[in-house]
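Reader: I should like to examine how the descriptive terms applied to this structure are justified. Please set each value against its criterion.

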Amino acid sequence: MSICITATGLYTPPYSISNEELVATFNQYVNNYNAKNADAIARGEKTALVHSTAEFIEKASGIKSRYVMEKDGILNPDIMAPVIPYRKLGEEMSIMAEMGIDALKQALDNAGLQGKDLDGIIVACSNFQRVYPAIAIEIQQYIGMQGGFGFDMNVACSAATFGIAQAVGLIKAGTAKRVAMVNIEITSAHLNWRNRDSHFIFGDVATATIIEELATPKGYEILDSHLFTQFSTNIKNEYGFLDRSEFLAAGTPMYPDIDAPVTDKLFLQEGRKVFREVCPAVSNLILELLHKNHVEPQQLKKMCLHQANANMIDLILRTVLGKEADKSIAPMVLAEYANTSSASPMIVFHKHQENMQSGDLGVICSFGAGYSIGGVLVKKV
């Protein structure tokens, strides 16, 4: 028996924001902030904010645009956040479940399956719109599963590879024969659109991956996985259910000044430290995974890497395969989708399979907060 990825699905949100649109809003916010705080800035009590440019964003990240679930609020300099109406739990499908179901239905159709054919659903992503009940169980309800189970898991940007490994483990343990691993990301809601260093990074999306135990392999056989975590606060979002208690204990307002350009209740990272520390760790993990499976790096035909940053992807590719490595081995979707956290390597996997032949080897690799790094070695059947 083999465990295989037999199909994938991709949900792309209805709205796209270009770098130029984003910069126009950000620069207007900067002008408003500097004018409002002109006296404090003149006294040296506050620091004037600096404009951004589309050229700076593309050079720093490789990103040209991003998809979002709601656009008007993000591009309003007085709001700068997605405005998403509340849906009553139990009476309306949640927005995360809606996105996930769209991607999952595509994957099921591509695999020739229906919801009732699934034994389990894992929703693996960076942020969840509620603590419980699990989004996976809600999807289970609406997709038409007959029995089985669903659960949510969070390993930040590495959630996809950890989710695949978890699905493989469940299948090997005899708990399931067919599992859907779904990555749903509304990263626009956790991004601080007022922070010049990171306001351009993220986009929204959902992906779904069908993982099955088969007597006759098809799709991509999962050969092995390698997972790694190491605690770091260089990428963080400290929003959580204890916020109310912590604010009360500190005697501070529940919600800080929304004009603050940086807040630990939204995405925050030390970008240069992350680049310096994560890139070699990712490369080493991929090389260890290959060595363990007696695979030479030059045998890889595809590297589906987390779409964090174009420079990171290029460095990891060259470290693993050499300075003259063919860049088409590590394709990017950054320019169109931006960083979509857990879903990003699965977008690459979904969209860039055209030149994979039977027997070809590939790696799906993710990395992010934690630090967390995951690699999955696959073979085209």
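Author: The following exchange concerns a predicted model and takes up cysteines, helix packing, one loop residue and backbone geometry in turn.

Reader: How do you know that the structure holds zero disulfides?

Author: A disulfide requires two cysteine sulfur atoms within 2.5 Å. The sulfur of Cys304 has its closest cysteine sulfur in Cys365, at 10 Å, which is too far for a bond. Cys365 is likewise in no disulfide, the sulfur of Cys304 being the nearest to its own. The structure therefore holds zero disulfides.

Reader: What makes Cys304 buried, and what is the value for Cys365?

Author: The term buried applies under 20% relative accessible area. Cys304 has 3% and is therefore buried. Cys365, at 0%, counts as buried too.

Reader: Why are helices α8 and α9 called oblique to each other?

Author: Helix α8 covers residues 271-292 and helix α9 residues 310-321; their axes cross at roughly 40° and come within 9 Å. Angles under 35 degrees would count as roughly parallel, and the roughly perpendicular class runs from 65 to 115. The angle of roughly 40° falls in neither class, so α8 and α9 are oblique. Their crossing is right-handed.

Reader: Which residues of α8 and α9 meet, and how do they divide by class?

Author: On the α8 side the contact includes Val274, Phe275, Val278 and Cys279, and on the α9 side it includes Met312, Leu315 and Ile316. The contact of α8 with α9 has 11 nonpolar residues, three polar and no charged.

Reader: What makes α1 oblique to α3?

Author: Helix α1 (residues 19-36) and helix α3 (residues 54-61) pack at about 120°, with their axes 9 Å apart. The roughly perpendicular class ends at 115 degrees and the roughly antiparallel one begins over 145. An angle of about 120° lies between these limits, and α1 is therefore oblique to α3. This crossing is also right-handed. Asn19, Glu20 and Val23 of α1 make the contact with Ala54, Ile57 and Glu58 of α3. By class, three of these residues are nonpolar, one is polar and two are charged.

Reader: Why is Asn293 called partly exposed?

Author: Partly exposed is the class between buried, under 20%, and exposed, over 50%. Asn293 has a relative accessibility of 23% and therefore counts as partly exposed. Asn293 is in the loop between α8 and β11. Leaving aside residues up to four places away in sequence, Asn293 touches Leu223, Asp224 and Leu377.

Reader: How do you know that the peptide bond between Tyr132 and Pro133 is a cis bond?

Author: Its omega is about 0°. Pro133 is placed in the loop between β4 and α5. A cis bond also joins Gly370 and Tyr371, with omega about -5°; Tyr371 is in the loop between β12 and β13. Most peptide bonds are trans.

Reader: What makes the phi values of Met80 and Ala338 worth stating?

Author: Most residues other than glycine have a negative phi. Met80 is not a glycine, yet its phi is positive, at about 55°. Ala338 is not a glycine either, and its phi is about 65°. Met80 lies in the loop between β3 and α4, and Ala338 in the loop between α10 and α11.

Reader: Are Met80 and Ala338 buried or exposed?

Author: The limit for buried is under 20%. Met80 has 4% relative accessibility and therefore counts as buried. Ala338, with a relative accessible area of 0%, is buried as well.

Technical notes: Residues numbered from 1 in each chain as written. Predicted model: local features only at pLDDT ≥ 70, side-chain atom pairs only at ≥ 80, totals over all residues. Heavy atoms only, no water. Buried < 20%, exposed > 50% of the residue type's maximum accessible area, 1.4 Å probe, protein only. Axes fitted to C-alpha atoms, helices over the stretch in contact; angles between N-to-C directions. Helix = DSSP H or I, 4+ residues; strand = E, 2+ residues; numbered from the N terminus. Left-handed = near helix turned anticlockwise from the far one by under 90°. Contact = heavy atoms within 4.5 Å. Nonpolar A, V, L, I, M, F, W, Y, C, P; charged D, E, K, R; others polar.
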